Amino acid sequence: MKVIKTNHKWSELQRYWELFYVLVERSLKVRYRGSLLGVYWSLLNPLLMTALYTAIFGATFKSYYNNSTRDYILAAFTGLVVSHFFSSSTNQALVSVVENGVLLNKIRLPMGIFPVSMIGANVFQFCLGMLPVLAIVTLVKSHSLVNVAALLIPLLSLTLTCTGIGFFVSALYVFFRDLPYFYELVTFVLWMSSPVFYPAEIVPPAVEKLLMFNPLVPIIESVRQISLSGALPDIILMGKAGISSSLILAFGWILFRKWQEQFMDLI
Amino acid sequence: MREVIRLEEVSLLRRTQEELSYDFKKTLLSLVSGKYRKPLKKLVLDHINLAVQEGEKLGIIGANGSGKSTLLKVICGILQPTAGFVRVRGEIAPLIELGAGFDGKLSVMDNIVLYGVMLGFSRQEMKERARLILEFAELEDYALVPVTGLSSGMVARLGFAIATDVQPNILILDEVFAVGDESFKQKCQQRMEKFWQAHATIVLVSHDLNFIQHSCSQAIYLEKGQLKMIGKVDEVVNLYLNGVMS
């Protein structure tokens, strides 16, 4: 038996990091059962969807993409990558606090670590699966390593957005257990209102203004500009994505903190 | 003697179980039809004052639902008091319903690290300790087996082994003292004896009054969230028994 030394130098931050690490590891291990090849299953969905959209809409919409089916494929693919990451990571974050209710009733833990670690697990999976594909596409289209590096900025914005939404929905789920049903609707609206498989030009101007409230739109625009346009990264687009994602993160975190003290009565 | 736990005028309001509203649809509809009521709250702990000195063994007794476990949770920092304040000096190890935090799909080894990190240790430390923990739990051959593959007795042994591998300054016990078969129970008791002798502060909840009388010096008696009595263990147990008899 050893005696614990009360080590106050071991900072809170380090404890968060250790917790984050083991929780991410847990969700990856449970998901893939030891085989990291399982990560490549996560590529299946966006690739299949890209093929489907191209088969159905490719011929009609290619006139908006320099009359090139290949450009349509790439535009659909980049949009799908972003929206797929969003829906899967936030859906997993949604249940994370309630799912760990038993633990939270036994040990004092920083509750925010649960949604954050779910996003973290998805980022890890993204880095192994989707990121290399996206980087290759960018390199081929832009012939510039600057663009490949710049890709990380809208992707960081995507992570921040998902973390903010993750905080918000995981807190809300503590109070409303029928939330997944409504959240499915919300993700569907976000998905339909982001120009993933259709060109933004076909949306009537009156409606287009509303689409700007979709937090995924600036991210998708920035990713496409960097990876597909062949031009140097547009700072303004990256800035828009960065600002909107920081606001969403702040919003989610503030509400999570505000509601947090009521959690333990309900889980 | 140093004071390690102090509760001053601690009150806790919690939502009552019947009032748990888990539905967005219902809440929204009741808001629209004007029938929405704010969730009712019940006073679970009522102005508790308590001071525990270093090395003291404190037993908590009272009927079911009198707030015993809730009080432990407040001391552990799992629940925040609605009013009053709690101060704890030193490392607290909670030992409440062992094994509840295990992930069945992960291996025994992974669970040891996961559980240890939750309890506040680093991964490195836990990896170093893992061998001793497995040895104590007599599960050396099961290190890589998922926890779902263990029997319930083995899971309880593992939980006990992890939670008691450390020697905290303050040990919080909720009705768990010995698990497993007879021979393992002996081991548990020996380990618990060590805690008792090691001058650790112990706060425990039990319905086993003999055990409390035998192992604690002080006791408190809770009734409906109020502290009825605090004092020498024999006097408190007598008061409790008289209350139950009449």
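## A walk through chains A and B

Let's start in chain B, where Arg6(B) stands opposite Arg87(B) in β4(B). Keep in mind as we go that this is a predicted model. The two strands behind that arginine pair, β1(B) and β4(B), run antiparallel and are joined by 5 bridges.

On to the other partner of β1(B). Strand β1, residues 3-15 of chain B, pairs with β2(B), again in the antiparallel sense, over 9 bridges. If you want to find this pairing on screen, look for Val10(B), which sits opposite Ile48(B) in β2(B). Another handle is Arg14(B), whose bridge partner in β2(B) is Lys42(B).

Put the pairings together and you have an open sheet of 3 strands in chain B, in the order β2-β1-β4, with antiparallel pairing. The edges are held by β2 (41-53) and β4 (83-88) of chain B; each has a single partner strand, so one side of each is left without a neighbour in the sheet. From one strand to the next, the twist averages 20°. A helix joins the picture here: α2 of chain B, residues 68-76, packs on the sheet and touches β1, β2 and β4 of chain B. The direction of this helix makes about 60° with that of β2(B).

Now for chain A and its helices. Take α2 of chain A, residues 41-61, to begin with. Its 21 residues should span 30 Å at 1.5 Å a residue, and the end C-alpha atoms are 29 Å apart, which agrees. There's a kink in α2(A) all the same, of about 50° and centred on Ala55(A). Pro46(A), Thr50(A), Tyr53(A) and Phe61(A) are buried in this helix. What do the buried residues of α2(A) pack against? That would be α3 (69-94) of chain A.

Next comes α12 of chain A, which covers residues 235-263. This helix has 29 residues and reaches 41 Å from its first C-alpha to its last, close to the 42 Å expected at 1.5 Å a residue. At Arg257(A), α12(A) bends by about 30°. The buried residues of α12(A) are Met238(A), Ala241(A), Ser244(A), Ser245(A), Ile248(A), Leu249(A), Gly252(A) and Phe256(A). Their cover includes α8 (152-175) and α11 (216-228) of chain A.

To see the α8 side of that cover up close, pick out Leu160(A), which is found in helix α8 of chain A. Is Leu160(A) buried or exposed? The cut-off for buried is 20 or more other C-beta atoms within 10 Å. Leu160(A) has 22 C-beta neighbours inside 10 Å, so this leucine counts as buried. Leaving aside neighbours within four places in sequence, Leu160(A) is in contact with Ser245(A), Ser246(A) and Leu249(A). Leu160(A) and Gly252(A) are 92 residues apart in sequence, yet their C-alpha atoms are 10 Å apart in space.

Finally, the place where the two chains meet. Here 29 residues of chain A are in contact with 37 residues of chain B. On the chain A side, β1 (2-3), α1 (12-32), α5 (101-104) and α9 (179-193) each supply at least two residues. Which element gives the most to the side of chain A that touches chain B? It's α1(A), with 8 residues. By type, the residues on this side of chain A divide into 16 nonpolar, 2 polar and 11 charged.

Notes: Residues numbered from 1 in each chain as written. Chains lettered and ligands numbered in written order. Predicted model: local features only at pLDDT ≥ 70, side-chain atom pairs only at ≥ 80, totals over all residues. Contact = placed C-beta atoms within 7 Å. Helix = DSSP H or I, 4+ residues; strand = E, 2+ residues; numbered from the N terminus. Nonpolar A, V, L, I, M, F, W, Y, C, P; charged D, E, K, R; others polar. Pairing = 2+ DSSP bridges. Axes fitted to C-alpha atoms, helices over the stretch in contact; angles between N-to-C directions. Expected span 1.5 Å × (residues − 1). Bend = angle between axes of the 7 residues up to and from the residue. Buried ≥ 20, exposed ≤ 12 C-beta atoms within 10 Å, placed from the backbone.
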